[in-house]
Structures are given as C-alpha cells and as structure tokens.
Amino acid sequence: MIYGAMKFSIGGSLKLAFRPWVEGLENIPAEGPAILASNHLSFSDSFFLPAVLDRKVTFIAKAEYFTSPGVKGKLTAAFFKGVGQLPVDRSGARGAGEAAIKSGIEVLERGELFGIYPEGTRSPDGRLYRGKPGGLARVALATGAPVIPVAMIDTEKIQPPGKVMPKLMRPGIRIGKPLDFSRYHGMEGDRFILRSVTDEVMYEIMKLSGQEYVDIYATAAKRQIADEAKRKADEEKAAEKAEKAREAEQAKHAERPGD
C-alpha cells in the first residue's frame with residue numbers, strides 16, 4: 001500500500017516533470033520473477049525505472065538510508081521503503097555482497113522484479129564499466145530468473161555532481177530482450193561461468209546504451225580519478241609555494257638594491 005502511494009506520487013511527478021521516453025516495455029513480463037540489470041549513471045536511476053513500469057521493482061540501497069537518526073532520518077527511511085528499496089549493510093565488502101545476493105533471491109522467489117547494477121557503483125564519467133560477477137550472475141543462476149538488460153540514457157545530465165537543482169530534460173530508458181541462463185543453473189560456484197554470464201549481460205547493456213565500454217571496474221576508475229585529482233592538486237600547491245618563495249626572494253632583493 002505504501003509502495004503504491006509512493007509510486008503514484010513520486011512516479012507520477014517524475015513522469016510529468018521529466019517526461020522520460022521508454023523503449024522495450026514489452027520485454028518486461030506481466031508476472032513472474034525477472035532480474036533487471038541496468039547501467040548506473042545517476043542516483044535517480046532507481047526512481048526513473050520504477051516510475052515507467054507497471055510492476056514493482058526492488059533495488060538494493062545502503063543501510064545508512066534506513067538508520068539515520070532524527071526526523072529527517074525517519075522520513076528518508078520511509079521514503080526508501082516506500083519506493084521499494086531494500087537496506088544492505090555495506091560496512092564489510094564480502095558481507096554486503098552476500099546480503100545483496102540473499103535479498104535478491106528472496107525477492108525473486110516471491111515472483112517479483114529485482115533490480116541490480118552490475119557495475120556495483122555509479123559510473124564516474126558516463127562510460128560503461130566492467131560488471132562485477134558476484135551479485136548478478138549468482139542470483140540469476142541460483143533462481144533461474146531471466147535477466148533483462150536495461151540502459152538508462154542521460155540521467156547523469158539531470159543532476160551532475162555538485163548541482164543542487166536538477167535540470168529539466170528528458171532521460172531515456174531502453175529495455176532489452178530477456179536473457180536466459182538456465183543452461184548454467186546450479187553452476188553459480190564456477191567463477192568462469194559467473195564471468196561469462198556477467199560479460200554477456202554487460203555487452204547487451206552496451207549495445208542498448210551506446211556507451212563506451214571500459215574493461216576495468218568502476219571502483220578502480222574512481223580511485224584513479226581521485227588519485228589524479230590529488231596529484232594535480234599537489235602539483236598546483238607545490239607550484240604556488242614555489243612562486244611565493246620566488247616572490248619573497250625578489251622582494252628581499254628589492255629591499256637591498258646595493259647587493
């Protein structure tokens with residue numbers, strides 16, 4: 001009931017304000033379990049996709065959204081529960097992965113839709129990064145549920161990092177045909193199979209999104225970007241320090257014209 005009210009208010013508002021375009025809605029089954037595997041460009045991805053679907057889709061969200069104290073924390077928790085988000089404690093990387101897998105299997109066993117971002121985090125630069133094999137593939141092989149590739153288009157342009165007010169523009173959503181991995185059922189312990197399944201899904205997402213593919217994990221890319229930003233900041237700081245020292249030396253000589 002809460003989900004229905006939230007979907008009506010939030011989903012209706014999103015569709016009215018941003019008018020997202022959608023292709024491939026016919027690929028979403030009217031009933032039964034399915035995994036929606038999407039690229040991840042923006043925080044808003046988890047809201048735009050459910051807004052255009054008739055069925056409930058459940059995503060994983062970090063536990064902090066559900067446990068923050070105070071009135072704001074309670075309102076945030078109610079909001080995320082209302083839009084179908086499940087909390088996962090990400091304090092330990094392995095524990096977070098196992099919790100997400102368990103939650104995904106439970107959602108699918110209820111015959112519902114489970115949404116997952118194989119990249120594991122938002123793209124830092126709009127490109128598509130290597131999918132992590134642990135979550136998506138293991139859930140798919142454990143349940144036999146079809147995997148439906150999804151491409152979010154231009155959602156990162158609506159509210160870029162550091163911007164408070166969203167930009168009113170039309171994002172897009174392309175939904176691909178379901179992928180059947182039932183031939184690998186029960187083989188979720190084989191890391192080569194997990195890698196193969198994940199890569200096949202990422203290839204379909206790449207075709208739908210038109211993104212440039214980068215064969216490293218997005219988390220590694222974010223570290224590289226952060227390290228490069230720090231290196232440039234350190235160089236600028238060192239150059240500024242050297243310039244101040246040069247100016248101080250020039251001022252000292254100016255005070256002693258006879259030297």
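Here are legends for a few close-up views of this predicted model.

Residues are numbered from 1 along each chain as its sequence is written. In this prediction, local features need pLDDT of at least 70, side-chain atom pairs count only at pLDDT 80 or more, and totals for chains, interfaces and linings use all residues, while side-chain values use heavy atoms and leave out hydrogens and water.

**View 1. The whole chain has eight helices and nine strands.** Helices (H or I, at least four residues) and strands (E, at least two) are DSSP runs, numbered from the N terminus. Of the 259 residues, 39% are buried, meaning under 20% relative accessible area (exposed is over 50%, partly exposed is in between; 1.4 Å probe, protein chains only). Take the contacts (heavy atoms within 4.5 Å) between residues at least 6 apart in sequence: 78% of them join residues at least 24 apart.

**View 2. Helix 6 crosses helix 7.** Two packed helices are described by the angle and the distance between their axes. Here the axes of helix 6 (residues 136-143) and helix 7 (residues 191-209) come within 9 Å and cross at roughly 105 degrees. Those axes are lines fitted to C-alpha atoms, for helices over the stretch in contact, with angles running from 0 to 180 degrees between N-to-C directions. That makes the pair roughly perpendicular (65 to 115 degrees; under 35 is roughly parallel, over 145 roughly antiparallel, and the rest oblique). On the helix 6 side, Leu-136, Ala-137, Arg-138 and Leu-141 meet Ile-193, Leu-194, Val-197, Thr-198 and Val-201 of helix 7. Buried residues of helix 6 include Leu-136, Ala-137 and Leu-141. Just after helix 6 comes Gly-144, with a positive phi near 75 degrees.

**View 3. Ser-46 sits in helix 2 (residues 45-52).** Ser-46 is buried, at 9% relative accessible area. Its side chain makes a polar contact with the side chain of Tyr-117 (2.7 Å). Such a contact is a pair of N or O atoms within 3.5 Å; within protein, one must be able to donate a hydrogen and the other to accept it, and residues adjacent in sequence count only if both atoms are side-chain atoms. Leaving aside residues up to four places away in sequence, Ser-46 touches Phe-59, Gln-85 and Tyr-117.

**View 4. Arg-19 has a positive phi without being a glycine.** Phi of Arg-19 is near 50 degrees, and this residue lies in the loop between helix 1 (2-18) and strand 1 (21-23). At 49% relative accessibility, Arg-19 counts as partly exposed.
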